[in-house]
Amino acid sequence: MARYRPSGEAPYGKRGGFPAPVLRAADRSSTFRKMARSLLHASTGRYDRQLELWVVIDTFEEHCWQDVISAELLELYSHYKRPIGVGPRAALLAIDLYELAYQGGPRPVSEVSRTYPSSCGEYAYKAIEPTQRLFAAARAAGLPVLYTTSDSRADSKPSLIRATKRQGASKDPSLFAIRPEFAPLPGDTVITKQRASAFFGTPLVAHLTLLGVQTVIVCGESTSGCVRASTTDGYSYGFHMVMAEECCFDRSPMSHKLSLFDLHHKYADVMHTDDIVAHLEGLALKETV
């Protein structure tokens with residue numbers, strides 16, 4: 001049994017929110033349990049002991065874009081609202097976690113870009129810790145781990161071919177090595193690509209199909225560039241795409257937030273890293289039982 005009523009808590013702060021489902025904890029039917037799990041993927045909640053009800057609060061829009069997306073725009077996109085979560089048979093796809101993005105250290109991008117125009121500066125370094133936790137959880141759960149990096153071989157493509165239209169891009173192969181914090185382990189797969197998408201002109205689809213993967217968890221950079229292109233292509237190929245919000249980064253916070261907002265509503269489930277890690281830890285626990 002499930003019924004709905006307006007909640008006194010507004011998930012969007014002063015902007016208001018959706019009515020919150022109210023679920024009777026006493027209900028134990030299989031239909032109820034399935035519905036509750038589905039709703040809780042997109043929600044958080046509180047248990048009202050007096051009423052013996054679990055009040056589920058909508059959290060679909062509780063992400064980094066809240067400070068740049070208006071209430072009117074949220075309403076315009078409300079028909080994209082749905083339950084979200086990590087799907088079955090997942091793999092981790094790390095997009096372009098190479099040295100180039102970390103040049104100049106954890107300083108503001110406005111400073112490092114003068115010398116290192118491809119660096120994501122402080123945003124790249126802020127994402128290291130959550131990305132390490134994501135990698136650890138994925139490995140513990142036995143997920144396939146795949147990386148992408150740029151194809152830096154001098155004879156692999158015409159000189160005019162670039163992943164983006166950025167001018168003066170570096171061609172030093174050492175800058176396209178994966179950062180040591182996320183170094184590939186034996187059994188991992190590193191895919192070289194020539195364009196923005198990890199899927200375009202690469203064997204990634206074949207690898208994922210052979211591994212039986214249905215869900216792709218994405219992390220890396222840049223959110224508005226290669227991460228966005230790869231996520232959109234992955235959805236088009238029929239994979240359930242999940243994005244770890246704190247593990248994706250960009251040199252522009254605005255581009256990062258708007259890209260995540262758009263992808264979340266159209267092509268992917270943007271989830272907080274803690275929630276993805278908790279899900280993967282649950283899978284790892286099942287494996288040990």
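Here is a short walk through one sheet and two of its helices in this predicted model.

Start with the sheet. Select β7, β6, β5, β8, β9 and β10, and you have the 6 strands of an open, parallel sheet, in that order across. Colour residues 189-193 and 269-271 separately: these are β7 and β10, the edge strands, each with a pairing partner on one side only. Tilt the view and you can follow the twist, with neighbouring strands turned by 25° against each other on average, direction ignored.

Now go to β5 (residues 90-95) and β6 (residues 145-150), which pair in the parallel sense over 4 bridges. Show L92 and look across to β6, where V145 stands opposite.

Next, add α5, residues 128-140. This helix packs on the sheet and touches β5, β6, β8 (215-221) and β9 (240-249). Its direction makes about 145° with that of β9. Then bring in α9, residues 273-288, which also packs on the sheet, touching β8, β9 and β10. For α9, the angle to the direction of β9 is about 125°.

Hide the strands and keep the two helices. How far apart are the axes of α5 and α9? They lie 8 Å apart, and the helices pack at an angle of about 20°. That is under 35 degrees, so α5 and α9 count as roughly parallel to each other. Their crossing is left-handed.

Last stop: show side chains at this contact. From α5, pick P130, R133, L134, A137, A138 and A140; they meet T273, D274, I276, V277, L280 and A284 of α9. Colour them by class and you get 9 nonpolar, 1 polar and 2 charged residues.

Definitions and conventions: Residues numbered from 1 in each chain as written. Predicted model: local features only at pLDDT ≥ 70, side-chain atom pairs only at ≥ 80, totals over all residues. Heavy atoms only, no water. Axes fitted to C-alpha atoms, helices over the stretch in contact; angles between N-to-C directions. Parallel < 35°, antiparallel > 145°, perpendicular 65-115°, else oblique. Left-handed = near helix turned anticlockwise from the far one by under 90°. Contact = heavy atoms within 4.5 Å. Nonpolar A, V, L, I, M, F, W, Y, C, P; charged D, E, K, R; others polar. Pairing = 2+ DSSP bridges.
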